[in-house]
Structure formats: structure tokens, C-alpha cells
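This report is for a reader who has not seen the structure before. Please look at the sequence and the model first, then read on.

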Amino acid sequence: RRPAEAVARAGCPVVRAILAGIGGYLPERIVSNDELARTVDTSDEWIRERTGIRQRHFAGPHETATFMGTAAARAALTHANAQPADVDAVILATSTPDQAFPSTAIRVMAALGMNNGFGFDLSAACAGFIYALSVADGMIRAGQVRGVLVIGSEVYSRILNWQDRGTCVLFGDGAGAVFLRAGEGSGADQGILSTHLHAQGSLGDILYVDGAVGQRGKSGFLVMNGREVFR
């Protein structure tokens with residue numbers, strides 16, 4: 001049996017991560033397919049038929065990964081009736097951090113006025129939020145923390161190649177957050193029951209960013225083999 005089940009059968013309370021609050025933030029600027037078609041060789045019909053997308057949000061100069069992540073985090077804390085002092089850790093999933101370091105999570109901690117706890121970024125692209133949720137769940141189960149902000153914040157509009165209509169029409173910007181709180185109880189349906197992570201490293205070249213801090217002379221654009229990603 002799984003350890004949690006064994007503990008429950010022994011009559012001991014099971015510590016699980018309880019989703020106590022959720023929050024989100026979308027940039028002010030909304031870009032419709034028709035607006036995008038004025039500068040990109042595409043059309044509203046072409047985009048909708050292939051993706052179902054009608055509009056997306058693009059960040060303004062002030063709407064950084066930190067700014068959006070902080071706004072989403074505040075909303076999640078408010079929803080949970082919690083305060084920054086209740087947060088032991090900030091785990092922020094992003095592929096578009098404001099800086100190589102310090103982490104965007106640390107910047108969010110400063111913006112929230114947190115004086116204790118710790119924070120770090122996690123990079124796993126589209127699956128980043130699930131990876132971050134799994135890490136937070138594990139830390140809560142282990143008793144290392146009792147309150148965790150899990151945030152996803154992306155500004156993909158700043159790494160898009162506007163000459164590539166196969167990618168630039170697909171992505172937008174925004175942030176989402178949840179506040180997880182440690183909860184005790186023997187109920188089988190309480191909190192996050194389990195998480196399962198999978199990856200296939202051999203497919204890394206079908207969707208990637210052509211450039212990084214450790215590589216000079218690279219454009220830093222998102223590159224995608226749409227057909228293979230779809231498969």
C-alpha cells in the first residue's frame with residue numbers, strides 16, 4: 001500500500017495539501033485575431049479553425065512575470081483568507097523569468113512583503129505549474145512547510161517570432177496562483193490525493209526556445225514543430 005494509506009489505516013491523520021485559494025491575472029491589452037491579422041499573414045478564420053482561439057492577452061511594459069505573478073498570488077491569498085505571513089514558500093513556474101537570477105519567486109516574495117520563508121523558480125514549460133504543484137505537495141506531506149504559494153506566470157509575447165504565424169498566434173501572457181495549506185484528516189478524498197509526473201526527453205527539439213542566458217548570439221525565439229507537437 002502507499003504510505004499515506006498505511007498511515008490512515010493505522011488511525012493517524014494524513015497530512016495533505018489543501019487547495020485553500022485560487023487567483024489569476026490577465027494583462028490589460030486584449031488582442032483579437034483580426035487585430036493580429038493586420039500585421040501577421042493570417043486570418044481570424046484560419047486561427048479559429050485550427051486552434052479555437054479568438055483572442056489573447058499581451059503584457060504591457062510594466063506587466064512583468066513578477067508583476068503578474070504577484071497580482072495572482074494576492075488574489076489567491078485573499079480567496080483563502082490568508083496573509084503573506086502564512087506563506088512558508090513560493091514556487092513559481094515560468095519559462096520567461098524577468099531575470100536569470102534572482103528568481104522571479106524571490107521578487108514576488110519582496111512584492112508581497114514576506115520577511116520569512118523561501119522561494120524558487122521552476123522551469124518545465126507547459127507542464128511547469130503541475131511540476132510546481134507536485135513539489136509543493138511533497139514538501140507539505142513531508143512537514144517541511146505548511147503554506148505554499150504555487151504560481152505560474154508567463155510573458156510569451158516577448159519571445160515570439162512575429163514572422164512565424166505557426167507560433168505567434170498561439171501564445172499569450174498571464175498568471176495563475178493557488179495557495180496550498182497543510183490539512184490533517186483521515187478522509188480519503190481530502191486535498192491533493194497524488195501527483196504523477198512524466199516526460200519524454202527525446203522530444204525536446206519539437207518545441208523549444210532558441211537561446212538562453214548561457215548561449216550568446218541566439219535569437220531567443222520560441223520554435224515549434226506544430227505537426228509533431230500535435231501528434
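Two strands pair if DSSP finds at least two bridges between them. Helices (H or I, at least four residues) and strands (E, at least two) are DSSP runs, numbered from the N terminus. This is a predicted model, in which local features need pLDDT of at least 70, side-chain atom pairs count only at pLDDT 80 or more, and totals for chains, interfaces and linings use all residues. Residues are numbered from 1 along each chain as its sequence is written, and side-chain values use heavy atoms, with hydrogens and water left out.

**Strand β4 and its neighbours**

Strand β4 covers residues 89-93. In β5, which spans residues 118-122, L122 stands opposite A93 of β4. The two strands run parallel and are joined by five bridges. Strand β6 (residues 147-155) also runs parallel to β4, again with five bridges. There the bridge partner of A93 is G152. A93 of β4 thus has a partner in β5, L122, and one in β6, G152.

Is β4 covered or open? It is mostly covered, with five of its five residues buried; buried means under 20% relative accessible area, exposed over 50%, and partly exposed in between (1.4 Å probe, protein chains only). Both faces are covered: A89, I91 and A93 are buried on one side, V90 and L92 on the other.

Together with helix α5 (residues 104-112), β4 and β5 form a right-handed β-α-β unit. A crossover is right-handed if, with the strands pointing away from the viewer, the path from the first strand over the helix to the second runs clockwise. The loop between β4 and α5 holds P102, and the peptide bond from F101 to P102 is cis, with omega near 5°.

**Single residues**

Two residues other than glycine with positive phi are set out below.

| Residue | Phi | Loop | Relative accessibility |
|---|---|---|---|
| N81 | about 55° | between α4 (65-79) and β4 | 69%, exposed |
| A125 | near 50° | between β5 and α6 (128-142) | 39%, partly exposed |

D34 is part of helix α2 (residues 33-37). It counts as partly exposed because its relative accessibility is 49%. D44 is ten residues from D34 in sequence, and their C-alpha atoms are 5.5 Å apart.

L203 sits in the loop between β7 (173-185) and β8 (207-210). Its relative accessible area is 42%, so L203 is partly exposed. How far from L203 is I192, eleven residues away along the chain? Their C-alpha atoms are separated by 29 Å.

**The chain as a whole**

The chain has eight helices and nine strands. Its C-alpha atoms fill a box of roughly 65 × 40 × 35 Å, taken along the principal axes. Of its 231 residues, 39% count as buried. Among contacts (heavy atoms within 4.5 Å) between residues at least 6 apart in sequence, 73% join residues at least 24 apart.

The exposed area of the chain is about 12,800 Å², and carbon and sulfur atoms supply 52% of it. Accessible areas come from the Shrake-Rupley method with a 1.4 Å probe; for residues, only the protein chains shown count as cover.
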